[in-house]
Amino acid sequence: MKRKLIAAIGVAGMMAGLAACGDSETAGNAKPEDRKEDLTVWLMVDAQSTWPELVKDVNAQFKKKYPNVKVNVQYQGWADKAKKLDTALGGDKFPDVVELGNTETMQYILNGALAEIDPKKYENSDTWIQGLTDTCTFEGKQYCVPYYAGARVAVYNQEMLKKATGSDALPETEDAFLKAMDKVSKEYGEKDKRYSSLYLPGRYWYAAMSYVAAYGGQIAEYDEGSKEWKGTLSSPEAQKGIQHFIDLVKKYNKADLTKDEQDHANVMANEKAGVIYGNGWEAAPSSTARTTATPSSRARSPRRACPAPRARRCLPSSVARTSASSRSPRPRTSRRSGSPSSPTRSPWRFWRARTSCRTTPSSWSR
């Protein structure tokens, strides 16, 4: 029988478990110690590089409850995960649990790839962030389980900022921030024509949508009459936000304008950028290049709320895809910009067994 995914979502990442149609009652009534299957889990590489001990702990807890179930964790990259998953779903060999981004969930829900889940069966469901729960909900039914969340912030090279401006504190208003970026550009850009004081990749749409929100625009609105979503990026507010983002990219990005944000932490680590707008945990890879880092590039990379236009103190981060680990170092941000969700409120408990034709534990619970 064709199995379906049960999704678990986080602001930037979520997880989806596979559940099969069939004799679910028999599977559901099986005692944990009597279940003997293999469970394949696809996680993004963020978990492998940033919170491996947490994954190890989850597996240990699951093994204690389901001693005869083998968990095989496979790490995937964001660039090709969706393509690999689509290909796998077309055959008969695919993961039982998969991590998805919150922008990916709806297509799998609408395609019938995700099975409905009952939040009441998850002991920590009362702590789930509503925004994440909403992303997994369609027509009153829920198809996802929240995994982790966080907010994008300004990650900057403290030494470069201080040398150019005399202060290592990031300005809190955009006017002051851009004046500081001009000084940083003059200090370092005249020596290196590929240096970007503010590195905003041209295809960084998550950042662009934050500017849309800062101007009061939206990506789309739901029409109750037609029961359809209608794009609203052509609205005056949205256009102002997009233009503001474009202006910043053209002025400050001296690198390839056609790239996205996938390697911006590495760009900064190689001293080609003074500030990036990234996830809180990216301060670590921003401090150490994957190639050859100099002592200066290994300097501290603080994180602060990213200054926004129109007198707003920081960019809205709820519209941007974020996936900060609950165990990663906390950004130096104020509450107004948001910080990674606390593990004390929503701890991972164990791989939760669910029913399937193969009686396979098939969902991750956080």
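Here's a quick tour of some ring pairs and strands in this structure. Keep in mind that the model is predicted. The structure holds nine aromatic pairs, and a couple of them get a closer look below. After that come strand S3 with its partners, and then an open sheet of four strands.

**Aromatic rings**

- Let's start with Trp 51 and Tyr 148, an edge-to-face pair with 5.1 Å from centre to centre and 70 degrees between the ring planes.
- These two come from distant parts of the chain, 97 residues apart. Trp 51 is in the loop between helix H2 (45-50) and helix H3 (52-65), while Tyr 148 belongs to strand S8 (residues 145-148).
- Are Trp 51 and Tyr 148 buried or exposed? Both are buried.
- Phe 62 and Tyr 66 make another pair: their ring centres are 4.6 Å apart and their planes meet at 25 degrees, so this one counts as stacked. The cut-off behind that label is planes under 30 degrees apart.
- Phe 62 is buried, and Tyr 66 is too.
- Back to Trp 51 for a moment: ring pairs tie Trp 51, Tyr 147 and Tyr 148 together into a cluster.

**A charge over a ring**

- Trp 42 has a charged visitor: the charged end of Lys 84 sits over its ring, 5.7 Å from the ring centre.

**Strand S3 and its partners**

- Strand S3 (residues 38-44) is mostly covered, with five of its seven residues buried.
- How many bridges join S3 to strand S4 (residues 70-76)? There are seven, and the two strands run parallel.
- If you want to find this pairing in the structure, look for Met 44, which stands opposite Gln 76 in S4.
- S3 also runs parallel to strand S5 (residues 97-100), joined to it by two bridges. Here, Val 41 stands opposite Val 97.
- A bit of background: strands of a sheet pair through backbone hydrogen bonds, and they can do so in parallel or antiparallel fashion.

**The open sheet of four strands**

- The strand order in this sheet is S10-S13-S9-S14, and the pairing is mixed.
- Which strands are at the edges? They are strand S10 (196-199) and strand S14 (303-304), each pairing on one side only.
- S10 pairs with strand S13 (residues 273-279) over three bridges, in the parallel sense. One place to spot this is Ser 196, whose bridge partner in S13 is Ala 273.
- Helix H8 (residues 174-189) lies across S10 and S13, and it runs at about 140 degrees to S10.

Key: Residues are numbered from 1 along each chain as its sequence is written. This is a predicted model: local features need pLDDT of at least 70, side-chain atom pairs count only at pLDDT 80 or more; totals for chains, interfaces and linings use all residues. Side-chain values use heavy atoms; hydrogens and water are left out. Rings of Phe, Tyr and Trp (its six-membered ring) pair if their centres lie within 6.5 Å; planes under 30 degrees apart count as stacked, over 60 as edge-to-face and the rest as tilted. Buried means under 20% relative accessible area, exposed over 50%, partly exposed in between (1.4 Å probe, protein chains only). A charge sits over a ring if NZ of Lys or CZ of Arg is within 6 Å of the ring centre and within 35 degrees of the ring normal. Two strands pair if DSSP finds at least two bridges between them. Contact means heavy atoms within 4.5 Å. Axes are lines fitted to C-alpha atoms, for helices over the stretch in contact, and angles run from 0 to 180 degrees between N-to-C directions.
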